[in-house]
Amino acid sequence: MDNTILFHSITHETAWVPTGMAKWGPHDVDTGYAARIPVRGTEDESREYRNVRYLPGIAYLARIGKLTLMSSGELWTERFYQPSGRFNGYGYFDLDLFKDVEMPLVDSIPDMRIGPSWLGLPSVESARDQRLASSTDPLFRSLVSQLGPSNSQDAWHIRTAEVNEMFCFLTMDFKLLKTLRARSNTEPVKSLRTRIITPEELGRYLWLAPMDPVFLSFENANSPVRPDLHWPDSKRQKPKRRSTAERS
């Protein structure tokens, strides 16, 4: 499962809900409270939201042991050098659909010798780039020749899924999907047994019913919840740019 899925699995975030001005002694102060709100409104018609609506069902099947979701060593290292909140939520009240779902690795975490640049050691990203550039794996090299050097990470993830005989590589990287479909009749893409598909495609294959995440707003909630609100742009917010929520 691609890390793009983990990013979109954060369906609710922590928002500041203003309640207006109030007196605090001689001072007028803005008041409000933190609450869990959906990232997107139910009227969202984007392709991202169409796919997000299948994530609750996929997570449920994985949680009860009817579906096994796997990650890999390289996908793990990708999460290592990016902000942890990107895949786990930035706020205390955020809701992560896959929080309690185990995702074992199909392979091992790659050996890394990393450290600060002033010691002449590479960063995690540089070590990864060197690792991929030096790989002579024939399937990986063939995929890179079709997808381009800028997609070398994705080529490795697809190669990993293929050699480990995964049913599919689940992703919401729509740019990658477009590139793959444009080359669907060329090798080695044509001969891949592993399907590269979206949550919506997997959900339809498994006959899952899509669900608006707003119905999960109170899931394991230990905070105020405002399911009637969502972010104005229906996108996940970074902590420093979080805006006031608006009604759905």
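## Pro188 and the cis peptide bond

Pro188 sits in the loop between α9 (174–182) and β5 (195–197). In this predicted model, the peptide bond that runs from Glu187 to Pro188 is cis, and its omega is near 5 degrees.

## Residues with positive phi

Glu165 is a residue other than glycine with a positive phi, near 55 degrees. Its place is the loop between α8 and β4. With a relative accessible area of 63%, Glu165 is exposed, because the cut-off for that class is over 50%.

Asn220 is not a glycine either, yet its phi is positive, at about 50 degrees. Asn220 belongs to the loop between α10 and β6 (229–230). Its relative accessible area is 67%, so Asn220 counts as exposed. Asn220 returns below in the account of the largest pocket, where it is among the residues closest to the centre.

## Salt bridges

Side chains of opposite charge can pair when their charged atoms come close. The structure holds 14 salt bridges. Three of the pairs are described here, followed by a network.

One salt bridge joins the side chains of Arg63 and Asp100, at 2.9 Å from N to O. Arg63 belongs to helix α3 (residues 55–63) and Asp100 to the loop between β3 and α6, so this pair ties together parts that are 37 residues apart in sequence. Arg63 is partly exposed, at a relative accessible area of 38%, while Asp100 counts as exposed at 51% relative accessibility.

Arg131 and Glu74 form another salt bridge through their side chains, with an N to O distance of 2.7 Å. This pair also links distant parts of the chain, since Arg131 is in helix α6 and Glu74 is in helix α4 (residues 73–80), 57 residues apart. Glu74 has a relative accessible area of 8% and is therefore buried; the cut-off for buried is under 20%.

The side chains of Arg128 and Asp129 meet in a salt bridge at 2.7 Å, N to O. Arg128 counts as buried, at 7% relative accessibility, whereas Asp129 is partly exposed, with a relative accessible area of 41%. Elsewhere, Arg50, Glu200 and Arg204 are joined into one network by salt bridges that share partners.

## The largest pocket

Rolling a probe the size of a water molecule over the atoms shows where empty space is left. The largest pocket holds about 490 Å³ of space. Its lining has 19 residues, and those closest to the centre are Leu95, Asp96, Lys99, Glu219 and Asn220. Two elements, α3 and β3, give two or more residues to this lining.

Helix α3 makes the largest contribution to the lining of this pocket, with four residues. By class, the lining residues of the largest pocket divide into nine nonpolar, three polar and seven charged. Helix α3 is also the element that carries Arg63, the partner of Asp100.

## The second largest pocket

About 310 Å³ of space lies in the second largest pocket. Its lining is made of 20 residues, and Met1, Thr68, Met70, Met166 and Cys168 lie nearest the centre. At least two lining residues come from each of α8 (152–163), β4 (168–170) and α10 (199–205).

What classes of residue make up the lining of the second largest pocket? There are 15 nonpolar and five polar residues, and no charged ones. The lining of the largest pocket, by contrast, includes seven charged residues.

## A nonpolar surface patch

Trp76, Phe80, Leu105 and Ile109 make a nonpolar patch of about 330 Å² on the surface. Leu105 is in the loop between β3 (95–96) and α6 (124–133), and the loop between β3 and α6 also holds Asp100 of the salt bridge to Arg63. Leu105 has a relative accessible area of 30% and is partly exposed, because that class lies between the buried limit of 20% and the exposed limit of 50%.

Conventions:
Residues are numbered from 1 along each chain as its sequence is written. This is a predicted model: local features need pLDDT of at least 70, side-chain atom pairs count only at pLDDT 80 or more; totals for chains, interfaces and linings use all residues. Side-chain values use heavy atoms; hydrogens and water are left out. Patches are made of residues with over 30% relative accessible area and no salt bridge: like charges are joined within 9 Å, nonpolar side chains (Val, Leu, Ile, Met, Phe, Trp, Tyr) within 5 Å. Accessible areas come from the Shrake-Rupley method with a 1.4 Å probe; for residues, only the protein chains shown count as cover. A salt bridge is a side-chain nitrogen of Lys or Arg within 4 Å of a carboxyl oxygen of Asp or Glu. Buried means under 20% relative accessible area, exposed over 50%, partly exposed in between (1.4 Å probe, protein chains only). On a 1 Å grid over the protein atoms alone, a cavity is a set of points where a 1.4 Å probe fits but cannot get out, and a pocket is an open set with protein on both sides within 12 Å along at least five of seven lines; lining residues have an atom within 4 Å of a point. Grid points are joined across faces, edges and corners, and a volume is the space filled by probe spheres set on the points. Ala, Val, Leu, Ile, Met, Phe, Trp, Tyr, Cys and Pro count as nonpolar, Asp, Glu, Lys and Arg as charged, and the others, Gly among them, as polar.
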